[in-house]
Amino acid sequence: MKKNGNTYRFHAVFRVFIGFFAIFCLLLMERRGITYEGTERGTKLLSTEQTLVNKPLSETAECLLLVNSQNMNSMSARAEYEQMLTDMRISYQVQDVRAQETILDFDDFRTVVLLLPDVTPLGNQLLSLCDWVQSGGRVLFGMPVEKTHAFSAIQNHLGILDSGYDFKMVPDFRALDTFMLGADRIYTFDDPYEAAMNVGLDDQCILYASTSDERVPLIWSRAYGEGRFVFCNLAYCEKSTRGIYASAYSLLEDVCIYPVINASAFYLDDWPSPVPMGDGQYVKRDYQMDIPEFYSQVWWPDVAELGRKYSIPFTGLIIENYDDETDGEVERNTVISDYSYYGNMLLDEGGELGYHGYNHQPLCGPDFQYSVDLGYHNWTSTDAMAKAMTEVKDFSEGLFPNTKLQVYVPPSNVLSPEGRALIGQRFRNIRAIASCYLPGESGYAQEFEVAEDGVVETPRIISSCILDEYMRLSAFSELNMHLVNSHFMHPDDLLDEDRGAALGWATLKDRLTAYIEWLNRAAPPIRHVTGSGMAAAVQRFSGVSVERTVTDDSIGLRLGGVTDDDYFLVRVNEGRITELEGGTLEHLTGNLYLLHTTGREVRMQRGK
């Protein structure tokens, strides 16, 4: 009996051992890394050779862009409108009206955009322009206009009953919720000034946006004969407001269609990285924990739960160490437990890992000059930068051997021209650079595009959890310009008062949660993707060409480029779409729709 009892206990213990061993093997397999392939065709990266075409435009100009090279405001607006029209695939021709003898022919164009604070240089051609609209032309006044005799002569055609010589203060922007995505709140301008004409409108105008007190009309349209005027009475024409001006342009034609990215990405800079030690004043205040405890027990579980709740695959950016050495003498970080623990959990949640740097020193050579002192050191040479990048690449691939690391985020969004060239020429596994969209403080500012070397430029638009009014305005604008969201934050935001540490993590988490819910409410179809998924979406957006054929009864689109997964915003100003071949149409708000195509031909039938 004793022998049989021992045998029974042995087999019982052995079965428990086998069970634990099986669990260990499963965990080991799970922790070896995950390769992100994308959940849809449009979120999988294409080869570099397939993506060198960059925002192709039709050779025949559809839009005439009128500017005055002697006016600084006109030229500043020109830069924004040219980029905006390029991204919308509206081919255009620029005409400078600085000379009185300029002869204009409107008949060759579908639309005309005036970026003229003073319309006097147009002379008698201003009346010709109005006649063209009356016969069916479409004109956008893309910025406010000074009250002159020339303008007063035509203002009633634009729906303006009366106007003053003074300009009105524009502290904020409120759009009809049926006009723009995310228009369920008021957006405040930093440093507001007298940025709009003092006008009163007739009852034939359709008002789309105004100040929150409704005293200053900001965007309206007015039928004139067979054509239409649209007026954008807002002088804040800059990168952070392009979506407002693009939306105004989309009111011109009966049906306006333009490509968008349709992607949302959330980045975690410095994650994983060496976890700082110590208490952290506000972490200690709120949680009575030191920083490592807070990261493991509060911050990361909360972030992971946000990802699960809202189906967000976070992209973590690895920093190997925080030393300040920039001579290229690199040393392997052997303290890797946090990397393995947090990195693999992020991968297990469907996220992705990318590079942030060997250390937190931007890739800037000895001759680079910072516009402001950010406290960084310049690298001694390009070779030193290359050694550092090679080290973080080897370090990361050693920890996560089955995971593709394809995204690079410059520390503090700073990247010199030689650092940028180094990435494109010597680190071909890096397919995307995610720096910043809005310029400032030596930042490497980007557009959403594919560069000549095949690297995809995928700028981040907003950051942190404070989400101030400027960030909210920028996010709102880009949702309507590119149907895109791109946000980043750091785990050590809780250690920096400028990034909201004094507010506490509970408040910051609530703000981030509210932003995510606003985003999903404003654009339910938006795709939540990783950094490489964003790059894949930008590849399609950047490479697609659009040829439009518009008649009274139908709209035809002929698409070029990869065309395996393309998205377009469609605004139907007149009539409705009764039939659609070659895609699917999803209602967004008002007369705004999202078109999804996977082929080269799209045909829409129009009805009353």
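User: Quick one before we start: what counts as a salt bridge here?

Analyst: A salt bridge is a side-chain nitrogen of Lys or Arg within 4 Å of a carboxyl oxygen of Asp or Glu. Do keep in mind that this is a predicted model, where local features need pLDDT of at least 70 and side-chain atom pairs count only at pLDDT 80 or more, while totals for chains, interfaces and linings use all residues. Residues are numbered from 1 along each chain as its sequence is written, and side-chain values use heavy atoms, with hydrogens and water left out.

User: Thanks! How many salt bridges does that rule give?

Analyst: The count comes to 33 salt bridges.

User: What does Glu469 pair with?

Analyst: Glu469 forms a salt bridge with Arg185, at 3.8 Å from N to O. The two sit 284 residues apart, with Glu469 in helix α11 and Arg185 in the loop between β6 (172–175) and β7 (187–188). Helices (H or I, at least four residues) and strands (E, at least two) are DSSP runs, numbered from the N terminus.

User: Is Glu469 buried or exposed?

Analyst: Neither: Glu469 is partly exposed, because its relative accessible area is 29%. Buried means under 20%, exposed over 50%, and partly exposed in between (1.4 Å probe, protein chains only). Arg185 is also partly exposed, at 25%.

User: And Lys55, what does it bridge to?

Analyst: Lys55 pairs with Asp87, and their closest N and O atoms are 2.6 Å apart. Lys55 is in the loop between α1 (2–31) and β1 (63–67), and Asp87 is in helix α2 (residues 72–87), 32 residues apart. Lys55 counts as buried at 7% relative accessibility, and Asp87 is buried at 1%.

User: Which helices does the Lys509 and Asp302 pair tie together?

Analyst: Their side chains meet in a salt bridge at 3.5 Å, N to O. Lys509 lies in helix α12 (residues 505–522) and Asp302 in helix α7 (residues 291–310), so the pair ties together parts that are 207 residues apart in sequence.

User: Which residues are joined into one network?

Analyst: Arg138, Arg228, Asp254, Glu574 and Arg606 are joined through salt bridges that share partners.

User: Switching topic: why does the length of α8 agree with what a helix should span?

Analyst: Helix α8 (residues 337–348) has twelve residues, so at 1.5 Å a residue (times one less than the number of residues) it should span 16 Å, and its end C-alpha atoms are 16 Å apart.

User: Which residues of α8 are buried?

Analyst: They are Tyr339, Tyr342, Gly343, Asn344, Met345, Leu346 and Leu347. After α8 comes Gly350, with a positive phi near 90°.
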